[in-house]
Amino acid sequence: MEITKLLLNLSLVVIFAVWTVRGTTTKYYTYEEDAPGTFIGNLSMDLKIDLSEDPHSSFRFMQEGNASLIRMRKSDGLLTVGERIDRESLCSSFTQCLITADVVVFSKEKFHLIHVEIHVRDINDHAPVFPRDETRLEISENAALDARFPIELATDLDVGNNYIQSYQIFNSSHFGIEVGTGEDGKKFAQLVLAQKLDRELEESYTLQVIAVDGGSPPKSGSVTVRVKVLDSNDNSPQFEHDAIRVELHEDAPVGFLLLRVQAFDLDHGVNGDVRYDFAEGESNEIKSTFDVDPVSGAVVLKSSVDFETRTFYDLHIRAYDLGANSVPSTCTVTVDIVDVNDNAPEVTIKPMASRSGDMAYITEAAAVESFVALVSAADRDSGANGYVRVSLHGHAHFKLQQAYGDNLMIVTTSVLDREKIPEYNLTVIAEDLGSPPFKTFSQYTIRVSDENDNAPSFSKPVFEISVMENKAPGSYVASLVARDPDEGANGKVTYKLLENEVDGVPASSFLTVDPASGTIYTMKSLDYEDVKQIEVAIQATDGGSPPLSSTALVKVRVVDENDNAPFFVHPMFINGSANISLPSNAPAGYVALKLEGRDNDDAMNAELSYTIIEDDAFLFAVNENTGEMALKHNLALGLGETLHVRVAVSDHGRTPLVHKASIRFVVSDAMPIEEQVLVVLESSQKQNKPKFDVSFIIIGLLGAACAVLLVAIVVVALSRWNFRRNVSSISKISRQNIRQTQLPTHSIDSTDSSSLSGGSVTVTEQISSSRDESSFSYEDEQSRDSDSKIFRPLLTKGQFEPASVWQGDRYTLHSSEIGSVDQTSIKDSGKGDSDSNDSDSDSGQARQKIANTGQQGASSSLYPGPMDGAGVYRTREVPIHTPRSYMGNNAYTVAYRTLGYGRHPAAANQGQSFRGYSCNTVFNQTKDYPHAPVFYRMATQSSFYNHHQVHRQLDKQATSPREPITDITSIPVASF
């Protein structure tokens, strides 16, 4: 038997495996209750995976939920039973029992998804069972032949052929049994009356009903049925239909009327009064879901139903009368639940490798179309309401591909690179076809796991570093950094000095590198005289498997330090002294000795200079560069006499080192050599010349520049202090003439002012003063603020008279010649004193402005003052063209008119008059009329002047044509 099962199992596996390789679904079969370790199948063999081509191939479960029931060998995918399987506890009463598993196969740098279905076959290990061992029935003696009476159903935990197949009855001559099949496919039994009953003959019957399954061998269960025969009741209620089928939408509300059942009884009185109820033995689930009205027979919904939980209900309703010994009749009502689109699709995403439920991981080394995650979309509704369409959004590097059944899988569409995109956020959208449709959005994150695909890299292949010699061992030299974009151990870099030789000595004896930081240190004190450059290779290696590395060449140049003093090599000195013969008749310029020195240092540290530090006879001179010692004078010493000279040789290091020695010249009778006679001895004097350092010159120049700057600052400060003191003195002298004024408190609309144009404000004022006064005064507002001061200049006798002009933040004095007054108008545009911008070159334009001022006097706020024959007012309008953006809304510009003296010949032709006063233009000065000063005054006043009014009236009667008549009113044309 066991051999037969095994052969059947293997044959089925091969058939289905060959057929499903293309669909990545493999089906296997096993029986319940098989012993652990029982062979089920081998994935590598069934899927034709050649493990020799890729020894790194591996098999693993995506989910470990069924790992205890089914075990799989990682190397080749061998499937065996993990522990004893009980189909009834695993799948309950479902006919088909499956153990499903998703297996990820990694082969040839690509991930594959294999869906494994293991069908658990049932064995007949359970017998049929009735709910009770004994049941009772009451049947009227006048019951009709072939009347049917239901009995309680037996159950069997097995399925298929191992379930109940038949019912048998024993010990009965009056009853038979009939077997039917319900909507759920299960068998049920009914007693059938085969012979008429007679209570007087026999009051009761005891029957034995047996349920038998189809197993091999078969198993059975029995129940005892006790039938009690009742006395006759002429008529029993009869239903119109023994079986009724109705539909009920699952969203029907509680209390919904399904139908009304109706039974008829021909009797009268209580024997014909019919009542309705559920048949005996009806399940509690049906009684809690539906309700039957006992009088009307109305079947109503008692609690909500769900199509996804149960698709139909069989209600057994009985009708009985209220008479004695009533024999009820039964009607079966089948309620079919109709599905509505009340469930949104459910999306389940199972990652290939996951550490959390909402995130999947995939290595960046995965090939194109590698499996990432399994997407399952299900809708509990049916029909179009349960059909789901799934789409993937978020990035083009992933797509959906059919896996098996209604399941899809997310696969890669291109090679991934964690260093560029470490994480992807995708959205899975599932939509059913209901009306209206339901949509489900599922956010899902795919994180790319790192592979050691990047070697550490240095910023450049060759590093050139300089280090001073004589540094202590362990001194810092440089730090090298190699960067690895990988993460974790794959990006952790360690450093190593590759061994090589420098002048036959291992490089590691000179330098070492910290393996963690890449910092290079000296192993010993470096000596430039021994080694001038060290070349070593530094290798950076990551911690991946296998590790990757890169190398950089480091050239360490040892910088010379002036650590070696020079010394003489010629002549030969013994104990710092040498004897040299000197001819007695040596002439001036004779080279007595050439000093030669040496320094083991390099460059400037090895450049030597020679000097004489002691020469009592002042007889010798030395060339500091060549070391040639020559006589400055003819030698006039006798034989045997000696000359003592001390010489020194020094290098040109930052801190020069000096070596000194003594030379004793002994006068001898040797003849001088002509080649040793020097003609030029100017270099011998260099040793007495002072040496200047350029740095001292630069420091001196900087000090001088700072001194000049300090003097300039002091001069400017003193000049400003003197200026303020002069202004203060003038203010004290003029304070006696201060007069309080007020500006008008009203504003004049632009339509009433003819002096406002182009965004500028013009206000004119008449000024008169005495020619005998040579000082000036000013008017001060009550606040005594500098912004509220208005100067009123007084007349002088000079041809050029001063005028006080406000320039934004200060008052300045201007002089104007009378002869040119009529040809020039003063404009301040706020842009400087340019002639082209601030002056009118055409006197005709000036006269036109004066005429306009006289003509518009009726609508202007200006009051020209009284006019008579004693004097003439020479009015001058000074327009101020100041951009509104400069003035703002808190200030306005005020200009004033000038006052002329004497009577002009044109006075007979007066201009237009206003209220008896005439306004004439100002003509050029002539010899017939005296000089009359003209004053220009303008100011930008702050906004608080809008609430003040200034009226200044100087009423004087002119006694002569030269005496001015003063009647002045100053009112701003417009306020802001």
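I looked up Ile446 first. Leaving aside residues up to four places away in sequence, Ile446 touches Ala360, Ile362, Val372, Phe398, Ile410, Pro422, Glu423, Tyr424 and Leu426, where contact means heavy atoms within 4.5 Å. The model is predicted: local features need pLDDT of at least 70, side-chain atom pairs count only at pLDDT 80 or more, and totals for chains, interfaces and linings use all residues. Residues are numbered from 1 along each chain as its sequence is written, and side-chain values use heavy atoms, without hydrogens and water.

Next I checked the largest nonpolar core (buried Ala, Val, Leu, Ile, Met, Phe, Trp, Tyr and Cys residues joined through side-chain atoms within 4.5 Å; buried is under 20% relative accessible area, exposed over 50%, partly exposed in between, with a 1.4 Å probe and protein chains only). It has 34 residues, and Ile446 is among those that touch the most other members, as are Phe371 and Val372. Strand E26 (residues 371-378) gives the largest share of this core, six residues. I also found a second, separate core of 28 residues, including Val477 and Tyr528.

Then I turned to strand E23 (residues 329-338), where seven of the 10 residues are buried. Strands here are DSSP runs of at least two residues, helices (H or I) of at least four, numbered from the N terminus. Two strands pair if DSSP finds at least two bridges between them. E23 pairs with strand E16 (residues 243-249) in the parallel sense over seven bridges, and His249 has Val338 as its bridge partner. With strand E22 (residues 312-321), E23 pairs in the antiparallel sense over eight bridges; Asp314 has Thr334 as its partner.
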